[in-house]
Amino acid sequence: MRVVLSTYGSRGDVEPLAALAVQLRERGAEAVVCAPPDDDFARLLERAGVPLVGAGQAVREMIAEVTRKQGPNVGRRLPLEELQLRARRIVATQYEAVLSALGGSAGPDDVVVGTGLMPAACGARSAADRVGARWVSVRFQPTTLPSPHHRPYPYPGRPLPEGETDNRVLWEYDRETMKVVFGGVFDEHRVGVGLETVDDVREYVFTRQPWLAADPLLAPWPDDAGADAGVDFGVDVVQTGAWILPDRRRLPEDLRAFLDAGEPPVYVGFGSMGMQQELKGPGRLAIEAAREHGRRVVVHAGWAGLGLSDDGDDCLAVGEINQQALFARCAAVVHHGGAGTTTTATRAGAPQVVPQVVDQPYFAARVAELGIGVAHDGPVPSADSLSQALGQALEPGTARRAREVSGLIRTDGTRVAAGLLGVG
């Protein structure tokens with residue numbers, strides 16, 4: 001049995017697929033990952049022992065290219081025409097990568113599991129259709145799937161209707177938006193490779209039974225999310241639990257020495273969020289806030305390029321690191337609210353602070369609701385506001401609650417998913 005795991009996105013999209021691939025390969029299946037050929041993704045998959053089929057342009061190169069052309073914060077201002085041009089390229093390159101991984105044909109048990117940017121999911125779905133492989137759509141947080149409990153995200157050139165609060169209306173608008181933004185690009189490519197066109201691109205790609213690879217405590221899918229007052233939202237979600245890749249790497253010597261030399265530090269890092277240049281400001285403010293509370297700081301550069309604000313011996317900069325081991329030794333974790341980082345910090349029992357300066361307010365809210373950290377109040381952090389939030393996260397009650405919740409996070413998500421795929 002072959003399973004092709006496909007994505008085009010950040011590390012938060014690639015690492016869960018690597019985790020599932022490891023589980024599948026341990027059970028005797030042939031599993032590969034189709035993902036952007038970024039060096040850090042290649043190293044991640046090499047460590048995991050999972051083959052990488054490079055798909056399209058490296059994400060960091062694409063971000064740099066678009067930023068040079070459109071300026072910073074391109075995700076908010078990218079013109080519709082430019083978005084569709086890039087979508088066309090991603091559909092084609094992901095299609096070719098997945099088709100290559102399948103060897104141009106599929107057996108009766110072969111599966112394509114797809115996630116990431118919508119154009120990449122479109123290309124992967126078409127590749128599965130071309131050879132007759134089973135298709136499974138997966139998402140890593142609930143708010144990307146239609147539900148009466150949350151709003152959809154707007155797309156460039158298609159803002160949500162002003163003043164509309166009914167999520168039923170907004171998700172129908174999102175269905176039309178997907179047709180407008182991606183429908184023509186998807187159909188054009190499908191016709192070119194000998195496939196039929198699709199009327200509802202969102203439902204066709206997401207399917208009516210998408211998987212949600214997120215922890216049911218940290219990111220629950222509501223039981224009544226499939227329908228509300230007789231309205232069909234088009235999904236019957238299967239929640240597997242988070243797909244966690246165990247990391248057994250030893251922490252570097254200088255980091256271990258730093259950790260051993262004093263009280264647990266505060267970690268500051270924003271992962272693969274490299275497009276938002278304003279992250280560097282909150283990074284510096286978070287360092288100041290930690291110092292106000294007498295805490296040392298470990299700063300992860302990440303794609304935002306965070307760095308130390310001075311040469312003080314109370315701060316240490318790190319690169320790619322075993323977060324599972326590091327977070328367990330931190331007093332608090334200040335991060336961007338991505339699904340993977342939130343899950344790792346929660347499992348480690350580390351209190352969290354999530355400044356809402358990027359597009360992950362969902363996990364910021366969940367951290368606050370569970371009492372395991374603080375969602376920064378407002379989109380523009382200041383030294384005072386971050387210091388106040390960090391102070392709350394460092395309170396003994398928050399730390400105690402974070403330790404309690406850490407033991408409730410499930411670690412069997414990849415085993416559940418492998419069983420659903422019929423492997424092992």
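**Group meeting talk: one chain, its cores and a pocket**

Hi everyone. The secondary structure of this chain comes to 16 helices and 15 strands. Please keep in mind throughout that this is a predicted model.

Let me begin with the overall form. Along the principal axes, the C-alpha atoms fill a box of roughly 65 × 50 × 45 Å. For 424 residues, a compact globule would have a radius of gyration near 22 Å, and the chain has 21 Å, so the value agrees with that expectation. Buried residues account for 56% of the 424 residues. If we take the contacts with a separation of 6 or more, 68% of them are between residues 24 or more positions apart.

Now to the inside. Which residues have the most contacts within the largest nonpolar core? They are V4, V98, V112, M118 and V205, in a core of 50 residues. Several elements each supply at least two residues of this core, including β2 (30-35), α5 (80-101), α6 (118-131) and α7 (167-192). Further along the chain, α8 (201-206), α13 (361-369) and α15 (396-406) do so too. The element that gives the most is α5, with eight residues.

V112 is a nice place to put your cursor. Setting aside residues up to four places away in sequence, V112 touches V4, V98, L102, A124, A128, A133, R134, W135 and V136. Apart from that core lies another, of 39 residues, with L24, L45, V111 and A417 among them.

Next, two buried loop residues. The loop between α2 and β3 (52-54) holds V50. V50 counts as buried because its relative accessibility is 5%, and the cut-off is under 20%. Beyond its neighbours within four places in sequence, V50 is in contact with A18, A21, V22, R25, A31, V32, V33 and L45. Of these partners, take V33: V50 and V33 are 17 residues apart in sequence, and their C-alpha atoms are 7.2 Å apart in space.

The other residue is A350, in the loop between α12 (339-348) and β14 (352-354). With a relative accessibility of 1%, A350 counts as buried as well. Which residues is A350 in contact with, leaving aside neighbours within four places in sequence? The list is F327, C330, V333, A345, I372 and A402. As a distance across the model, the C-alpha atoms of A350 and P36 are separated by 31 Å, with their positions 314 residues apart along the chain.

A quick stop at the backbone. Most residues other than glycine have a negative phi. T207 is not a glycine, yet its phi is positive, at about 70°. You will find T207 in the loop between α8 and β6 (211-212).

Last, the second largest pocket, which holds about 430 Å³ of space. Its lining has 20 residues, and V22, L245, P246, D247 and R248 lie nearest the centre. V22 is also one of the contacts of V50. Which helix provides the largest share of the lining? That is α1, with six residues. At least two lining residues come from each of α1 (11-26), α2 (39-48) and α16 (413-421). By class, the lining has nine charged, seven nonpolar and four polar residues.

That's my tour. Thanks for listening, and I'm happy to go back to any of these spots on screen.

Technical notes: Residues numbered from 1 in each chain as written. Predicted model: local features only at pLDDT ≥ 70, side-chain atom pairs only at ≥ 80, totals over all residues. Heavy atoms only, no water. 1 Å grid on protein atoms, 1.4 Å probe; cavity = no way out; pocket = protein on both sides within 12 Å on 5 of 7 lines; lining within 4 Å. Points joined across faces, edges and corners; volume = space filled by probe spheres on them. Helix = DSSP H or I, 4+ residues; strand = E, 2+ residues; numbered from the N terminus. Nonpolar A, V, L, I, M, F, W, Y, C, P; charged D, E, K, R; others polar. Core = buried A, V, L, I, M, F, W, Y, C linked by side-chain atoms within 4.5 Å. Buried < 20%, exposed > 50% of the residue type's maximum accessible area, 1.4 Å probe, protein only. Contact = heavy atoms within 4.5 Å. Rg over C-alpha atoms; globule rule 2.2 N^0.38 Å.
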